[in-house]
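Student: I would like a close look at one part of this structure. Please take a single strand and walk me through its surroundings.

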Amino acid sequence: MWNLDLQQVRRCLADRQSVSKSTLTRPNSVTGDSPYVSLDHLDTLWFQVTGTICNLRCTHCFISCSPDNHAFDFLPLIEVEAWLEKSSSWGVKEYYFTGGEPFMHVDLPRMLEMTLKLGPASVLTNGTLLPNRMLDPISDTAHASPYSLEIRVSIDGPSPETNDPIRGEGTFNRAMEGIRKLLDRGFLPIVTATQVWAPEKDEEVRQAFVSRLQGLGYQNPRLKILPSLRIGREVLRERGYTTSERVNSEMMEGYESNQLICASSRVVTSRGVYVCPILIDDPDARLGSTLEEATTPFQLDKPACYTCWLHGAICSNYGGIGQDVS
Amino acid sequence: MSADSHRIAVFGGVYSNHLALAAAIEDAQTRGVRDLYCLGDFGAFGPNPDKVFPLLVDANVQAIRGNYDDSIARGLDDCQCGYTDPRDNHFARLSYQYTYQNTSERWRRWMETLPESLRLEVGGVRVLLCHGSPRRMNEFLWESTTSTQFLAHLADAYEADVILGTHTGIHWKRRLPNGRLFANVGVLGRPANDGRPEVWYAVVDVLPSSDPMNRPLTSVEFVPVAYDHERLVDEMRDECLPDEFIETIRSGWWTTCLEVLPSKERARGRF
């Protein structure tokens, strides 16, 4: 079981200064068992608030969300309220709301109102459904709270030509309109793009995003580029993981496991508590019905764990491509 | 200040701003503080990093190690701030390489000897000094993204009545249940993204309660420090440090390393 403290990791890193990043990120062979990661502390509680139900059917969606995917259902307000209440004694630092599309849940404004009394919140949205009747109360709540409410808007290309083949016809313009509405209300949305282009085009795409967003009046846009997760619908769009793309114990030597969200997060769904929002389609990722049960260490034997290992806490607001996790 | 009170001064990141450090030490000494502390990040951003250390030593400032010091002392590749934005990474790299090249071996070894945290008892109150958080040197504890329940958890887990940190660059404080307290003491290295050139440090007071059955009373006051920032600008120019850093020193607005700012803190800035 992997539960290194910082001192151990530092000593280990110091001993391994000669090991290059390329050695760490491109293992030649898979050896040994998959390591386990313990929950250090429940820093972040996620709510899969609309389950796998989404108004869009993105071709890269790693949990295959769609208007008719009811594998995971909406979380009722009363349940979210109960989880929030329980979470307080765990010392949760922040809360995230995802789906599906969270703005399909009519009670989202009320949920955020409850949440922002306890701590900061983030909402992951596709930005195409931001009705004023929801945005206005959410905006009032956010401005009155001492805590930040981050709205993350997913767009996968800086133009309709690049985004719409992935997210659906007309979604680029609708998401841009959503961003404009957020800016009008004083939000500084984090635009999140999955890297559906060749990595060498990162800078070009980033620049194109910045110009497009500046055109909306967003002078210093917040932009986060995420790696694609090769599970769910992404397997058909691009490819799945190869057999060598796995995390093994050797790869965890000198690696600070607190960079992985499974070391600090759990996600509440309509079917129980899961280890992370990425793996909910995998029955092994369901850790229990309660937070207590869900403290179980998690084995990084799922192919998608490889992507988190490479890029760190990609689901959090501050991780993503460009971060040195070695 | 009453005769029974205990007062300490706590400085955050110095970022090579030796002029602000000298001014803060002088200011603190006029306020009747018993002891001076510094929570690390001696280098970065500013000019001539070696000028900071003699000031700390001569004034008997007790220091702990920040992530920058940890990286410089151990010769790591970067400052461990974890930026992903290419522009932030560019400036972080410039700053780190300059600081690394201009920090002498003697002071690197000195930084290596510093602890990661320090526990004090001040007037019967357990004070824990750390850089980022008690559990992680490079953890950002911003006012708008750190819940009170989380801070209470840290105070329980680390058995502290008062926790003092720095690392983010913006000072703030929060009262916790049971009279406990968390404060980010701010930094001396650059202004607090508030449009004024002063930098900040914290004075912590512990007063005995009038009821002996009660805990002592703790308070934190943030002190703005005016210093000769134009002289610092001249030194930065002499060292060919980026105009973007100089602009921050003069205007009080952050121009770089903005990625890690949460929305509330970012909305208060200009960029």
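Tutor: Here is a tour of one strand of chain A, its partners and a helix that follows.

First, the ground rules. This is a predicted model, in which local features need pLDDT of at least 70, side-chain atom pairs count only at pLDDT 80 or more, and totals for chains, interfaces and linings use all residues. Residues are numbered from 1 along each chain as its sequence is written, while chains are lettered from A and ligands numbered from 1 in the order in which they are written.

Start with chain A as a whole. It has ten helices and eleven strands. Helices (H or I, at least four residues) and strands (E, at least two) are DSSP runs, numbered from the N terminus. Chain A has 326 residues, and 46% of them count as buried. A residue is buried if 20 or more other C-beta atoms lie within 10 Å of its own, exposed if 12 or fewer, and partly exposed in between; the C-beta atoms are placed from the backbone. Now take the contacts in chain A with a separation of 6 or more: 75% of them link residues 24 or more positions apart. Contact here means that the C-beta atoms of two residues, placed from the backbone, lie within 7 Å.

Now zoom in on strand E3 of chain A, residues 94-98. Five of its five residues are buried. In a regular strand the side chains alternate between the two faces of the sheet. In E3(A), A:Glu94, A:Tyr96 and A:Thr98 lie on one side. A:Tyr95 and A:Phe97 lie on the other. Both faces are covered.

Next, the partners. Two strands pair if DSSP finds at least two bridges between them. Strand E2 (residues 44-48) of chain A pairs with E3(A) in the parallel sense, over five bridges. One of the residues to find is A:Trp46, whose bridge partner in E3(A) is A:Tyr96. From E2(A), the chain passes through helix H3 (residues 77-88) of chain A to reach E3(A), in a right-handed β-α-β crossover. Right-handed means that, with the strands pointing away from the viewer, the path from the first strand over the helix to the second runs clockwise.

E3(A) also pairs with strand E4 (residues 121-125) of chain A, in the parallel sense over three bridges. A:Tyr96 has a bridge partner there too: A:Ser122 in E4(A). E3(A), H4(A) and E4(A) form a right-handed β-α-β unit.

Follow H4(A) outward. Two packed helices are described by the angle between their axes and the distance between the axes. H4 (residues 108-118) and H5 (residues 132-144) of chain A pack at about 5 degrees, with axes 9 Å apart. Therefore H4(A) is roughly parallel to H5(A). Angles under 35 degrees count as roughly parallel, over 145 as roughly antiparallel, 65 to 115 as roughly perpendicular and the rest as oblique. The axes are lines fitted to C-alpha atoms, for helices over the stretch in contact, and angles run from 0 to 180 degrees between N-to-C directions.

From H4(A), the contact uses A:Leu108, A:Pro109, A:Leu112, A:Glu113 and A:Leu116. H5(A) brings A:Met134, A:Pro137, A:Ile138, A:Thr141 and A:Ala142. Together they divide into eight nonpolar, one polar and one charged.

Terms used:
Ala, Val, Leu, Ile, Met, Phe, Trp, Tyr, Cys and Pro count as nonpolar, Asp, Glu, Lys and Arg as charged, and the others, Gly among them, as polar.
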